[in-house]
Structures are given as C-alpha cells and as structure tokens.
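Open the model in your viewer and keep the sequence panel visible. The tour goes from the whole chain to a single residue.

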Amino acid sequence: MKKLSTLFFALFLILSPIQSVHAATFAGTISGPTTITAGQQFTVTVGVTNVTNMMGMSAEWAYDSSKLTLVSSTGLNDFTLTLGTKLVVDRLTGKSGTFNVASVVFKAKTTFTVGSSAVVSIKNASYSNGVSDITDSNTRQITIKMVSDNNYLKTLTVSSGTLNFNKSTLDYTVVVDNSVSSITLGATAEYSKATVSGTGTKKLAVYDNYFSIVVTAENGSKRTYMVNVQRKDEKGLASPPSTNTNLKSITITGYDDFNNAFDKAKLTYTLEVGNLVTELTITADPEYSKSKIVINKNPLVVGSNTITIVVTSESGDDKTYTITVNRSSDVPTVSVSEIIEALKTVTTPTIGLIPPENGEIS
C-alpha cells in the first residue's frame with residue numbers, strides 16, 4: 001500500500017501543470033519630449049516601476065549643460081528632492097507601485113542649434129525599502145533633438161495675375177480676366193525640412209476662388225496662406241455687384257439731434273424748422289462705397305416740404321430715404337444784429353425783436 005501511494009504521488013507530479021512565478025523587476029524611468037524648438041522650456045520627469053515600500057531612491061544624474069539650462073526642480077508624490085550630480089528623493093513613509101518621483105524643468109540655450117541633440121540621463125538607480133537596497137544598473141536616458149519651428153514660405157507664385165509676396169502677409173487677392181479658367185499656384189518653404197501643401201493647378205469659377213497654402217514646420221506647427229483668385233465676369237467685374245442700398249449716415253448742418261437719431265433701417269424722418277429757414281445743408285454717406293447717392297430738395301416753403309435721398313447700389317437696386325421738413329409759420333424772434341437778414345426771408349407780417357441790453361436801437 002505504501003508503494004502504491006508513492007507511485008500515485010509521482011504520477012501526480014508528472015501529470016500536473018508546472019506554474020512559474022516571475023517577480024516584477026524594479027527600474028528607474030525618465031521621460032520628456034524628444035523634440036523641442038529654439039528657446040523652448042520643457043519638463044523631464046523621473047520615476048520608478050515595480051517598487052515595494054519605497055522610502056528613498058538615488059541615481060547618478062547627468063544632462064548636457066552646454067545646451068540646456070536647469071530652470072527648476074521639484075519632488076513628486078510627497079518625495080523630497082535633492083539634485084546635484086546625483087538625484088536623491090526621500091519620503092517619510094514607504095510607497096509601492098509605479099509612479100513619478102521628480103520633475104525637472106529645462107530651457108534650451110542659444111548654443112542648442114537646430115539639428116543637434118542633447119541627452120538627459122539617470123544611471124544606477126537604487127531604491128531602499130528600509131530593509132534592503134534594490135538597484136537598476138541600466139542607464140536610462142532621453143535624447144532631445146532641436147528642430148525648426150519655421151513655417152514661413154520663401155516664395156508664392158501664380159501663373160496669371162499679380163501677387164506681391166511677403167512672408168509675413170497671409171492673405172492675398174489676385175484678379176484675372178474672364179478668359180482665365182485655371183491657375184497654377186507655386187510655393188516653396190523658407191526652411192528646407194518644412195513641407196508645403198495646397199499648390200498645383202486649380203480650376204476657377206467666376207468671381208471668388210479661395211485657396212489655402214499650408215506650411216508645416218519640422219516641429220509640426222502650421223501656417224496658412226490664403227489666396228483669393230477673382231476671375232472677372234463677362235462685364236469685367238471681379239466680384240458680384242453689391243446690392244447694398246443702405247445709408248451709413250445723414251447729416252443736416254445745425255441739427256445734431258436729427259443726425260444722432262439716424263438709423264439705416266428707418267426710411268422716413270420728420271424735421272421741424274423755424275420760419276426763417278429756407279434751405280438745409282444735407283450730406284449723406286453710403287454704407288457701401290460704390291453706391292451712388294442723389295439728394296432731391298428745393299427751397300423750403302412755409303408748411304410741409306419733402307426731401308428724398310435715393311441710394312442706388314452697384315447692382316442697380318435703389319432705396320429712398322424721405323425727410324419731411326415742416327417750416328414754421330410762427331412769428332420769428334431775432335436779435336438786432338440778425339434783423340436785416342431775417343427781413344429777407346420772413347413770411348409773417350410781423351417779426352419779434354430781442355432788445356439789446358442797453359435798450360437802444362439805432
């Protein structure tokens with residue numbers, strides 16, 4: 001019986017699946033951007049993986065000081081950071097798992113030129129759990145390359161029409177004849193590693209045709225140049241004729257209250273004037289500069305007078321603003337100095353006179 005039990009146990013070991021257990025491996029980590037641009041400030045983060053009850057860690061610390069300036073540093077996750085030739089972090093209580101322990105901010109120096117690289121590294125990271133030290137003997141590093149952010153165009157050309165290019169000007173208008181049904185846009189980037197999209201031969205409709213030329217810098221930043229090619233119609237117009245028949249303002253000299261009350265959507269107005277007023281000085285400005293204005297007025301008679309302002313748009317549409325001017329029949333009152341002029345226009349049989357302060361009239 002004893003022999004059978006031994007045999008059964010041996011068979012059980014042979015037939016049972018063998019399970020293996022792999023312990024997680026501690027490692028120091030370092031992360032940050034792989035590309036930057038001139039003068040850029042950036043952050044490098046140091047961390048750990050698979051630690052148990054970690055209370056402190058140290059690692060050899062190095063960076064290319066000829067290309068990078070250390071701006072600031074701080075501990076993370078309640079770790080206190082000491083930074084020199086070694087990076088050392090400490091904590092009052094242990095922490096387990098995978099997490100970051102330090103953040104270091106750098107800025108690129110002017111000596112860090114486009115196309116070159118800089119390295120930030122940690123080596124021989126070792127952490128303590130209060131009982132033993134566990135070490136990662138590998139060198140962990142990030143390589144940061146300086147790339148260009150130049151997304152300017154060097155040239156921008158059109159096969160028809162005129163385009164005066166300036167790399168800082170983003171919007172252009174090119175006018176071509178009605179006979180031009182297509183146009184070729186050409187462009188080159190100022191920096192050789194930037195890419196340009198949107199060039200080539202484009203079909204043209206009559207009037208506006210908007211095309212975008214996009215320049216993508218080496219670092220991925222984009223700049224968009226916009227070209228509007230205006231193909232004239234058969235009448236020679238580069239854009240549809242405006243239908244705007246609005247006035248921007250009406251100005252009647254000496255009547256500020258009326259002027260300030262103007263509303264382009266209001267078409268009829270009333271103005272009260274004295275008996276001595278026989279004429280008004282009126283100006284009007286169109287909302288669209290190419291609209292035409294005609295002001296129809298006559299010398300004012302006593303009673304109601306109609307003045308019209310006709311606005312004709314570029315397309316031929318028109319709108320009429322009407323001002324009803326009521327000239328008073330009441331007896332006017334004037335000063336001695338005004339009486340001679342008043343007698344020329346007054347329509348009443350009498351006229352009021354404001355006596356001078358000394359009471360004398362000569």
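The stops below begin with confidence and overall form, then move to one strand.

Start by colouring the chain by confidence. This is a predicted model, with a mean pLDDT of 90 over the chain and 90% of residues at 70 or more. Next, select residues 1-23. There the pLDDT is below 50, and the stretch makes 0 contacts in the model beyond near neighbours in sequence.

Now select the whole chain and show it as a cartoon. It contains 3 helices and 23 strands. Turn the view to follow the principal axes: the C-alpha trace spans about 150 × 70 × 60 Å along them. The radius of gyration is 43 Å, whereas a compact globule of 362 residues would have one near 21 Å. Of the contacts between residues at least 6 apart in sequence, 60% join residues at least 24 apart.

Switch to a surface view. The accessible surface is about 21100 Å², and carbon and sulfur atoms account for 51% of that area. Buried residues are 33% of the 362 in the chain. Colour by charge next: the 30 positive and 29 negative charges have mean positions 20 Å apart.

For the last stop, select residues 200-203, which form strand β13, and pick out T201 within the strand. Is T201 buried or exposed? T201 is exposed, because its relative accessibility is 57% and the cut-off for exposed is over 50%. Leaving aside residues up to four places away in sequence, T201 touches S182, I183 and T184. Finally, add S159 to the selection: its C-alpha atom lies 9.1 Å from that of T201, although the two are 42 residues apart along the chain.

Definitions and conventions. Residues are numbered from 1 along each chain as its sequence is written. This is a predicted model: local features need pLDDT of at least 70, side-chain atom pairs count only at pLDDT 80 or more; totals for chains, interfaces and linings use all residues. Side-chain values use heavy atoms; hydrogens and water are left out. pLDDT is the predictor's confidence in each residue, from 0 to 100. Contact means heavy atoms within 4.5 Å. Helices (H or I, at least four residues) and strands (E, at least two) are DSSP runs, numbered from the N terminus. The radius of gyration is taken over C-alpha atoms; the globule rule is 2.2 Å times the number of residues to the power 0.38. Buried means under 20% relative accessible area, exposed over 50%, partly exposed in between (1.4 Å probe, protein chains only). Accessible areas come from the Shrake-Rupley method with a 1.4 Å probe; for residues, only the protein chains shown count as cover. Lys and Arg count as positive and Asp and Glu as negative; His and the chain ends are not counted. The place of a charge is taken as NZ of Lys, CZ of Arg, CG of Asp or CD of Glu.
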